[in-house]
Amino acid sequence: MISINGKLYSSYKNVPSHIIKSFIQYTVFDYHLRVENGKILFWEKNYFMMMAQLRRLRINIPMSFTLNFFVDQINVLIDKHESECYLIYLKFANDSAPMIDNTEVDLITSIIAESTNSLIKNISLTKEISLFKDHTLRDQELTSILYLQKDINRIAAIEAFENNCDDNLILNDKKNIIRSVLGNVFILKDDLIISPSKKNGAQSSVLADLFIEHINDSNDFNFSNDSSFGVFELQIADELAVLSIKNGLNLVCKYRKKNYHTKRLPELYNSFIKLHVS
């Protein structure tokens, strides 16, 4: 089932052609959510982050886009399934191209729910990760909006697969690692955890923000406020992991000749998820 501006369609074949055309030509943004045990995970924080990113992209936000509007549409979709956990894909498109005499064009929104495993079970192994060097991203906060960098992510993912790797690390123009194709990067050295900052281009993620809060509340780990790091830190780190709303925690086993442990970060992640997902 697909919800488009509050109307349900059984498949894309039933969606009017002019709406399909708008999503092909004028897609402007997308956002991913997760449902756990029938509830949208971190919904209010995600809603305000999504609205903030829409405003930064100068997208005309309809007054109807309230907290309850999205909750109602998502609930209708998940009621059609029998799972407890879903990935929710929201896609936004203009119904036409903005013009100088009509900058506030109407916005079309599609919502799709896809059954998935719970974040509690989502700890997986990335056998090997590579470093993407063909292109870099700008060292700025606007880079943190993932939709704007989707082409770089696509190219980096293809290169990783060509090199028989599961993921690829992406650099900014200051040669610091800011994220991977799959999500936000975390490295552990002794008791210190480092993750790139949004101001340097790391992906905006409510899940990552709350995980960092959990690290700061922990008695066993410290989190670095100076969160930029380069390739050298990869070589001396004890553990490396990638966190995303889609895949949960991916533990990286190897980068080039460096092999990583896979023990302490998953223990920390498990304590975090059990606190928020019940």
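The structure holds zero disulfides. In this predicted model, Cys253 takes part in no disulfide, and the nearest cysteine sulfur, that of Cys165, is 12 Å away. A disulfide is a covalent bond between the sulfur atoms of two cysteines, and here the separation of 12 Å can be set against the cut-off of 2.5 Å used to assign such a pair. Cys253 itself is partly exposed, with a relative accessible area of 23%. Cys85, by contrast, counts as buried, because its relative accessibility of 7% falls under the 20% limit.

With the cysteines placed, the overall fold can be described. Seven helices and 17 strands make up the secondary structure of the chain. The radius of gyration is 19 Å, close to the 19 Å that the globule rule gives for 278 residues, so the chain is as compact as a globular protein of that length. Along the principal axes, the C-alpha atoms fill a box of roughly 55 × 40 × 35 Å. Of the 278 residues in the chain, 50% are buried. Contacts reach far along the sequence: among those between residues at least 6 apart, 71% join residues at least 24 apart.

The surface and the charges complete this general view. The accessible surface of the chain comes to about 14100 Å², and carbon and sulfur atoms account for 48% of that area. Positive side chains number 31 and negative side chains 33, with the centres of the two sets lying 3 Å apart.

Strand 6 and the loop that follows offer a helpful route into the detail. Ser110 is found in strand 6, which spans residues 107–115. Ser110 is buried, since its relative accessible area of 5% is under 20%. Leaving aside neighbours within four places in sequence, Ser110 is in contact with Ile2, Ser3 and Ile4, with Phe23, and with Tyr89, Leu90 and Lys91.

Further along, Thr116 is found in the loop between strand 6 and strand 7. Thr116 is partly exposed, with a relative accessible area of 24%. Apart from residues up to four places away in sequence, Thr116 touches Arg34, Ser83, Cys85, Tyr86 and Leu87; this set includes the buried Cys85 described above. Thr116 and Tyr86 are 30 residues apart along the chain, while their C-alpha atoms are separated by 5.1 Å.

Leu119 also lies in the loop between strand 6 and strand 7, the latter covering residues 123–126. Leu119 is buried, with a relative accessible area of 0%, whereas Thr116 in that loop is partly exposed. Not counting neighbours within four places in sequence, the contacts of Leu119 are Arg34, Glu36, Leu41, Leu207, Ser244, Ile245, Gly248, Tyr269 and Ile273. Arg34 is therefore a partner of Leu119 and is also touched by Thr116. The C-alpha atoms of Leu119 and Asn184 are separated by 15 Å, and these two residues stand 65 residues apart along the chain.

Towards the start of the chain, Tyr12 lies in the loop between strand 2 (7–9) and helix 1 (17–25). Tyr12 counts as partly exposed at 46% relative accessibility. Beyond neighbours within four places in sequence, Tyr12 is in contact with Ile2, Ile20 and Ile112. Ile2 also appears among the contacts of Ser110. From Tyr12 to Ser118, the C-alpha to C-alpha distance is 27 Å, across 106 residues of sequence.

Two asparagines in loops deserve a mention for their backbone angles. Asn37 has a positive phi of about 55° although it is not a glycine. Asn37 sits in the loop between strand 3 (27–36) and strand 4 (39–40), and at 37% relative accessibility it counts as partly exposed. Asn164 likewise has a positive phi, near 60°, in a residue other than glycine. The loop that holds Asn164 runs between helix 4 (150–162) and strand 9 (167–172). Asn164 counts as exposed, because its relative accessibility of 69% is over 50%.

Terms used:
Residues numbered from 1 in each chain as written. Predicted model: local features only at pLDDT ≥ 70, side-chain atom pairs only at ≥ 80, totals over all residues. Heavy atoms only, no water. Helix = DSSP H or I, 4+ residues; strand = E, 2+ residues; numbered from the N terminus. Rg over C-alpha atoms; globule rule 2.2 N^0.38 Å. Buried < 20%, exposed > 50% of the residue type's maximum accessible area, 1.4 Å probe, protein only. Contact = heavy atoms within 4.5 Å. Areas by Shrake-Rupley, 256 points an atom, 1.4 Å probe, with all protein chains shown as cover. Lys, Arg positive; Asp, Glu negative; His and termini not counted. Charge placed at Lys NZ, Arg CZ, Asp CG, Glu CD.
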